[in-house]
Amino acid sequence: MAQAPQKDNNAELEAVKADLAQLRGDMGDLLKAFKEQNEARVRDRAGQARDEVKAAFDEGMETLNRGYQQARQHGEKRVEEAEQLVGNHPLTSVVAAFGVGFVIAKLLDGGRR
């Protein structure tokens, strides 16, 4: 009769071992699914961040391009005004250019004489 309780104990021990092995497998599957889910979330968030950065970059480039166009138009307008001024007053422009050149030459000479 002593062997019957020991057989029951061995059977219970084997059942517990089998349950633990099943639990270990289930935990491994659960951890794998959790990891895959987190990786998918990270990929989604990285994609969203990439899209946001690209949109911000595109917006910045648009703003920069508009500023460049405005500066260019302003510069072209000023060049046209200067051309008109020189065309309307050629003698005055030549005298002014000579005067500016003379002053610059004296400044660069630096008192060498």
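Start by selecting R72 and E76: they sit four residues apart in helix 1, which puts about one helical turn between them. Show their side chains and you'll find a salt bridge, 3.2 Å from N to O. Keep in mind as you click around that this is a predicted model.

Now turn on the surface around that pair. Is R72 buried, or is it partly exposed? R72 has a relative accessible area of 43%, so it counts as partly exposed. E76 gets the partly exposed label too, with 39%.

**Next stop: R78 and E81**

Move along to R78 and E81, which both belong to helix 1. They are three residues apart, or about one turn of the helix. What joins their side chains? Look for a salt bridge, with 2.7 Å between N and O. On the surface, E81 is partly exposed at 33% relative accessible area, and R78 is partly exposed at 45%.

**Then select E14 and K17**

Helix 1 covers residues 3-88, and your next pair is in it as well: K17 and E14 are three residues apart there, so about one helical turn separates them. Which residue does K17 form a salt bridge with? Its partner is E14, and the closest N and O atoms are 3.9 Å apart. A salt bridge here needs the nitrogen within 4 Å of the carboxyl oxygen, so a pair at that distance still makes the list. Both side chains are partly exposed: K17 has a relative accessible area of 46%, and E14 has 47%.

You've now visited three pairs; the structure holds five salt bridges.

**Zoom out**

Select the whole protein and switch to a cartoon view. How many helices and strands are there? You should find two helices and zero strands.

Rotate the model to take in its overall shape. The C-alpha atoms fill a box of roughly 135 × 40 × 5 Å along the principal axes. For a compact globule of 113 residues you'd expect a radius of gyration near 13 Å, but this protein has 43 Å.

Next, try the surface of the whole protein. What share of the 113 residues counts as buried? The answer is 1%. The accessible surface comes to about 10600 Å², and carbon and sulfur atoms account for 60% of it.

**Last stop: colour by charge**

Finish by colouring the charged side chains. You'll have 17 positive and 19 negative ones to pick out. The centres of those two sets lie 9 Å apart.

Terms used:
Residues numbered from 1 in each chain as written. Predicted model: local features only at pLDDT ≥ 70, side-chain atom pairs only at ≥ 80, totals over all residues. Heavy atoms only, no water. Rg over C-alpha atoms; globule rule 2.2 N^0.38 Å. Buried < 20%, exposed > 50% of the residue type's maximum accessible area, 1.4 Å probe, protein only. Areas by Shrake-Rupley, 256 points an atom, 1.4 Å probe, with all protein chains shown as cover. Lys, Arg positive; Asp, Glu negative; His and termini not counted. Charge placed at Lys NZ, Arg CZ, Asp CG, Glu CD.
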